[in-house]
Amino acid sequence: MNRGRVKVCRFCEDKELTLNYKDERLLRRFVTERGKIIPRRMSGTCARHQRRVTAAIKLARQIAILPFASDAVR
Amino acid sequence: MLRNYEMALIVDSQLQEDGVEKTVQRYRDLITTHEGSVHRTDTWGVRKLAYEIRKQQQAHYTFVQFQGQPATLEELDRACRMDDSVLRHLVISIKELTVEPEPEPEPEPEEAPADVEADAADEEDADAEDANSGDDSDEDSEGSEE
């Protein structure tokens with residue numbers, strides 16, 4: 001999906017950008033519209049930061065900030 | 001040894017307004033009676049849930065940062081699970097407590113939104129404003145791509 005341009009990890013690029021499980025707006029960029037976590041081959045996130053993104057998303061899901069799945073059917 | 005934690009409390013918003021407050025206060029008291037101290041309380045207010053919890057579409061979010069004994073967590077967990085007014089709770093340990101005073105500006109990174117696929121643009125990357133704060137922070141389908 002995010003084809004075309006190869007990006008650098010946005011967290012490496014911007015050291016100020018901190019990852020927080022409460023930051024829905026940021027995390028939304030790392031899940032598909034169905035709620036799946038976007039693999040790093042697509043998002044361009046580096047390994048270290050992808051792990052953190054994943055952890056944050058999973059926390060956010062637990063407290064219903066992000067969906068576990070779907071949301072599309074409605 | 002005291003550690004730093006953050007507890008997310010998701011309280012049923014169907015309670016009367018002070019019901020929510022009382023519930024939150026109850027957990028704050030629980031922390032303090034276990035040799036802990038509440039550092040700050042972040043209230044998001046009623047927010048739309050990403051998925052239904054007990055048939056509720058929305059709930060009241062509160063985040064409590066505190067210092068406490070690791071043993072307190074079990075207590076909190078037990079209390080939350082027995083408490084019908086708490087829809088969800090989550091305690092995580094944090095490295096350090098947030099220093100700044102109570103009203104926390106939500107970090108909002110600005111960057112050109114990677115507005116990919118124009119087809120399924122509903123609600124996904126309509127990262128206009130919402131996010132938190134207000135009561136009805138729902139993301140709507142009018143995807144503002146481009």
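This passage describes a predicted model of a complex, taking in its confidence, its two chains and a few residues of interest.

The predictor assigns the complex an ipTM of 0.74 and a pTM of 0.68. For chain A, the mean pLDDT is 85, and 85% of the residues reach 70 or more. For chain B, the mean is 74, with 66% of the residues at 70 or more. Readers looking at the C-terminal part of chain B should note that the pLDDT is below 50 over residues 108–146. Even so, that stretch has 68 contacts in the model beyond near neighbours in sequence.

Chain A is a good place to begin. Its secondary structure consists of four helices and zero strands, giving the order α-α-α-α from the N terminus. Of its 74 residues, 50% count as buried, and the chain has an accessible surface of about 4100 Å², 51% of which belongs to carbon and sulfur atoms. Among contacts in chain A with a separation of 6 or more, 55% are between residues 24 or more positions apart. Confidence in chain A is lowest in helix α1 (residues 10–13), where the mean is 87, and highest in helix α4 (residues 47–62), where the mean is 93.

The cysteines of chain A invite a careful look. Zero disulfides are found over all chains of the structure. For Cys9(A), the closest cysteine sulfur is that of Cys12(A), at 3.7 Å, which is too far for a bond. Cys12(A) also provides the closest cysteine sulfur to Cys46(A), here at 3.6 Å, and again this is too far for a bond. Both distances can be set against the cut-off used here, under which a disulfide needs the two sulfur atoms within 2.5 Å. As for their surroundings, Cys9(A) is buried, with a relative accessible area of 4%, whereas Cys46(A) is partly exposed, at 22%.

A loop residue of chain A also deserves a mention. Glu33(A) sits in the loop that runs between α2 (24–27) and α3 (40–43). Glu33(A) counts as buried because its relative accessibility is 19%, and the limit for that class is under 20%. Along the chain, Glu33(A) and Pro67(A) are 34 residues apart, and in the model their C-alpha atoms are separated by 9.7 Å.

Chain B brings strands into the picture. Two helices and four strands make up its secondary structure, and from the N terminus these elements follow one another as β-α-β-β-α-β. Chain B has 146 residues, of which 43% are buried. The chain exposes about 8200 Å², and carbon and sulfur atoms supply 48% of that area. Of the contacts in chain B between residues at least 6 apart in sequence, 70% join residues at least 24 apart.

Within chain B, helix α2 (residues 70–82) shows how burial can be arranged around a helix. Thr72(B), Leu76(B) and Cys80(B) are buried in this helix. Viewed down the axis of α2(B), the buried residues fall within an arc of 70°, and they therefore line one face of the helix. The other side of α2(B) carries exposed residues, namely Ala71(B), Glu74(B), Arg81(B) and Met82(B).

Technical notes: Residues are numbered from 1 along each chain as its sequence is written. Chains are lettered from A and ligands numbered from 1 in the order in which they are written. This is a predicted model: local features need pLDDT of at least 70, side-chain atom pairs count only at pLDDT 80 or more; totals for chains, interfaces and linings use all residues. Side-chain values use heavy atoms; hydrogens and water are left out. Buried means under 20% relative accessible area, exposed over 50%, partly exposed in between (1.4 Å probe, protein chains only). Contact means heavy atoms within 4.5 Å. Accessible areas come from the Shrake-Rupley method with a 1.4 Å probe; for residues, only the protein chains shown count as cover. pLDDT is the predictor's confidence in each residue, from 0 to 100. The arc is that of the directions from the helix axis to the C-beta atoms.
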